[in-house]
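Work through the exercises below with the sequence and the model open side by side. Each task is followed by a solution in steps.

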Amino acid sequence: MATEQLVVAPLLVALVTAILTLVVHQYTRVQQVVSGLGGIAYLGAVAMLVQRVRSGAGSHGVEGVLTYQLSDWGAPFGIALVADDLSAFMLALTAVVSLVALAFSMRYIDEAGQRVSYHPLYHFMLVGVTGSFLTGDIFNLFVWFEVMLMSSYVLVVFYSGPRHTKAALQYVVLNLVGSALMLLAIGGLYSTTGTLNMADMARRLADPASFGITLAPVLGLSAVLFVVFALKAGIVPFQWWVPAAYRAAPAPVSAMLAGVVKKVGIYAIIRLYFTVFANAAPMDLSLPGLAGESTLAFFGPVLFIMGAASIVLGGVAAVNRDDIDNLLAYSSIGQVGFIVIGLAFAAGGVVAGWQAPDPYGSVAVLGLAAALVYSLNHALAKAALFLASGAVYESVGTIEFDELGGLAGRMPLLSTGFFVAALSLVGVPPLLGFFGKFLVFDAAVNAGSNLGIGVALLGAILTIAYVTRAWNRGFWGERTEAVEQATPQYGLFATVLVLAVVALAVGVAFDPVVDAAIDAAEAALGTDSYIEAVGLEDSLTGGDGGGH
Amino acid sequence: MTEFVLALVLGLLFALGTFLVLRRDVVRVVWGVSIISQAANVYLVTMGLLDGAVPVLDGHGEGAGAVTDPLVQALVLTAIVIGFGTTAFALVLTYRVYEEHGTIDLLELGGETDGN
């Protein structure tokens with residue numbers, strides 16, 4: 001039992017920290033200590049949960065999937081929290097990035113700013129992210145999204161200058177419309193499938209006839225829901241809010257938004273479309289240009305087009321930016337594209353008939369693993385780069401390329417961190433980014449998609465182009481006056497270095513990471529064990545199925 | 001008949017909300033968003049009222065007469081609370097935008113955030 005309760009631990013730690021920091025907010029020092037300890041405790045809780053999941057502990061006789069039924073209401077009546085390899089992977093990524101970004105904020109956000117509820121907001125955002133990764137109920141997913149978004153709204157407008165209020169307004173209105181859309185999709189799915197529990201939904205979709213479900217509306221509603229997730233992940237054509245919001249937010253918050261919050265959208269896509277909807281029984285899709293009978297046959301091409309468009313648009317736009325933050329924000333769009341085309345190859349693999357569990361053997365597992373490794377790489381590298389940009393701003397007072405130059409000689413420590421993270425983004429071995437790119441190419445080859453290889457190549461070249469440009473203009477060349485007079489902030493540089501070292505370390509010791517990614521990919525595709533672990537088999541069999 | 005009326009009301013609410021979201025005045029945009037989210041709530045209730053399941057009574061409520069689905073009401077309650085919070089925030093943000101820019105006209109604010 002204690003094992004199962006571990007599933008709520010990260011959630012509780014983040015929530016308690018958020019509340020405690022709110023209670024002691026008058027004492028800045030105490031608040032910082034509480035917040036820092038909370039961040040460390042969160043990492044600890046996640047580590048324990050990950051270790052437990054990885055070691056094969058599980059609920060209802062299923063290895064590696066832990067389920068916690070809130071208030072002991074068995075699924076599908078209560079809300080189930082489910083931690084499997086996929087959730088564990090995402091949580092681990094979150095814990096590392098959030099702790100480093102938190103350490104960065106301690107020095108970066110000025111004292112007055114920290115007193116204005118920075119820490120509680122940060123931890124509430126973490127609560128929302130954690131909840132989204134753990135929940136096994138789609139309405140609950142909506143609630144966690146809102147928790148996460150509410151805090152991120154305030155964090156985006158944190159400086160509340162003219163630029164920030166305008167960016168936040170855009171971000172808020174967009175997400176409010178997104179939330180309404182999500183409610184519509186969820187309501188529709190509830191009405192057609194008769195359940196909100198993801199495992200239960202997957203089970204019902206596999207056998208639509210006995211539950212009285214017609215699949216065509218489910219496909220349509222899942223497409224509506226997809227828009228919301230694509231919006232959260234900032235995939236083309238839902239990317240336009242990204243640059244403004246990332247530039248307005250304080251650097252550590254941008255690091256979190258790009259590194260972690262975007263991944264919530266990716267996670268939701270993987271969880272719902274690969275675990276739940278992929279399980280749907282075959283149906284006749286008579287849509288123009290689409291031949292296939294699985295739900296994923298529809299989402300495969302959609303994912304591919306959106307991913308490819310993101311890579312090209314993000315990459316091209318990033319090349320010609322005039323400050324570091326802007327460049328990083330556009331690069332974020334491009335990098336998420338790589339993750340999404342990984343998912344597209346995986347969707348194609350599922351259509352072709354996925355067979356468990358031969359690592360590397362199946363395109364679906366490979367595509368998902370590629371997407372996950374790439375997510376991890378993007379989280380570490382992009383967070384490091386955003387923090388580096390913040391550190392440059394704090395030291396030099398500007399991040400405009402025109403006023404920068406020669407940072408490499410002036411601040412070697414920071415430049416090393418930036419350089420390593422940038423190389424990881426480009427994909428130079430032995431950094432993690434190399435394996436991420438390698439797996440994407442491998443998945444493309446295995447999926448037999450020449451177009452996919454071409455797009456990924458183009459994306460890789462664009463990445464090199466904008467990273468080189470950032471390096472040349474900001475870090476090499478002649479020192480400008482601003483750089484000469486800069487006061488280096490070594491405390492900030494250290495956090496950038498930490499993330500760079502982590503990206504290097506997981507690249508060098510890649511075996512456990514790829515194992516974890518493949519296990520996570522298999523967990524995402526292993527619908528049956530997911531259903532079984534949630535305990536639906538023994539709590540509700542037969543019944544009227546709640547159908548029509 | 002009820003279905004028809006509800007469908008009509010929903011359609012009108014969404015139309016009104018969309019119309020307001022497309023206005024230049026930020027306050028109207030916020031109103032529009034808030035109306036859209038209320039419309040989504042009504043839609044949620046509709047999903048249970050007309051043809052939904054009765055999950056909680058499933059196997060427990062023998063002998064109970066016709067019931068509407070209680071779950072959607074719980075969902076709507078949650079959605080309303082969240083909607084409240086977000087609308088309040090959006091209004092405060094609107095005021096803040098007014099303070100910073102001296103206008104809440106979206107055309108004067110401009111679409112891009114590069115200015116200022």
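**Exercise 1: A buried acid and its partner**

A:Asp84 counts as buried, at 1% relative accessibility (buried means under 20% relative accessible area, exposed over 50%, partly exposed in between, with a 1.4 Å probe and protein chains only). The model is a predicted one, in which local features need pLDDT of at least 70 and side-chain atom pairs count only at pLDDT 80 or more, while totals for chains, interfaces and linings use all residues. Residues are numbered from 1 along each chain as its sequence is written, chains are lettered from A and ligands numbered from 1 in the order in which they are written, and side-chain values use heavy atoms, with hydrogens and water left out.

Task: Find which residue forms a salt bridge with A:Asp84.

Solution.
- Step 1. Apply the criterion: a salt bridge is a side-chain nitrogen of Lys or Arg within 4 Å of a carboxyl oxygen of Asp or Glu.
- Step 2. The partner is A:Arg271, with the closest N and O atoms 2.7 Å apart.
- Step 3. Place the two residues. A:Arg271 lies in helix α12 (residues 251–276) of chain A and A:Asp84 in the loop between β2 and α4 of chain A, so the salt bridge ties together parts that are 187 residues apart in sequence. Helices (H or I, at least four residues) and strands (E, at least two) are DSSP runs, numbered from the N terminus.
- Step 4. Check the accessibility of the partner: A:Arg271 is also at 1%, and counts as buried.

**Exercise 2: The strand before the loop**

Task: State how β2 of chain A is paired and whether its faces are covered or open.

Solution.
- Step 1. Strand β1 (residues 66–69) of chain A pairs with β2(A) in the antiparallel sense, over four bridges; two strands pair if DSSP finds at least two bridges between them.
- Step 2. One of the bridge partners can be named: A:Gln69 is matched with A:Ala80 in β2(A).
- Step 3. In a regular strand the side chains alternate between the two faces of the sheet.
- Step 4. Strand β2 (residues 80–83) of chain A has A:Ala80 and A:Val82 on one side, A:Leu81 and A:Ala83 on the other. These four are all buried, and both faces are covered.

**Exercise 3: Other salt bridges**

Task: The structure holds eleven salt bridges over all chains. Describe the one between A:Arg54 and A:Asp85 and the one between B:Asp105 and B:Arg24.

Solution.
- Step 1. Side chains of opposite charge can pair when their charged atoms come close.
- Step 2. In the pair A:Arg54 and A:Asp85, the closest N and O atoms are 3.3 Å apart. A:Arg54 belongs to helix α3 (residues 28–54) of chain A and A:Asp85 to helix α4 (residues 85–108) of chain A, so parts 31 residues apart in sequence are tied together.
- Step 3. A:Arg54 is partly exposed at 34% relative accessibility, whereas A:Asp85 is buried at 14%.
- Step 4. The salt bridge between B:Asp105 and B:Arg24 has an N to O distance of 2.6 Å. B:Asp105 sits in the loop between α3 and α4 of chain B, and B:Arg24 in the loop between α1 (2–21) and α2 of chain B, 81 residues away.
- Step 5. B:Asp105 is buried at 16% relative accessibility, and B:Arg24 is partly exposed at 46%.
- Step 6. Through shared partners, salt bridges join A:Arg54, A:Asp85 and A:Asp519 into one network.

**Exercise 4: Chain B and its side facing chain A**

Task: Outline chain B, then characterise where chain B touches chain A.

Solution.
- Step 1. Chain B has four helices and zero strands. Of its 116 residues, 36% count as buried.
- Step 2. 39 residues of chain B are in contact with 40 residues of chain A, contact being heavy atoms within 4.5 Å.
- Step 3. About 3400 Å² is buried between chain B and chain A, and carbon and sulfur atoms give 74% of that area. Buried area is the accessible area (1.4 Å probe) that two parts lose on being put together, summed over both.
- Step 4. The elements of chain B that give two or more residues to this side are α2 (26–51), α3 (70–101) and α4 (106–109). The largest share, 15 residues, comes from α3(B).
- Step 5. The count of salt bridges between chain B and chain A is zero.
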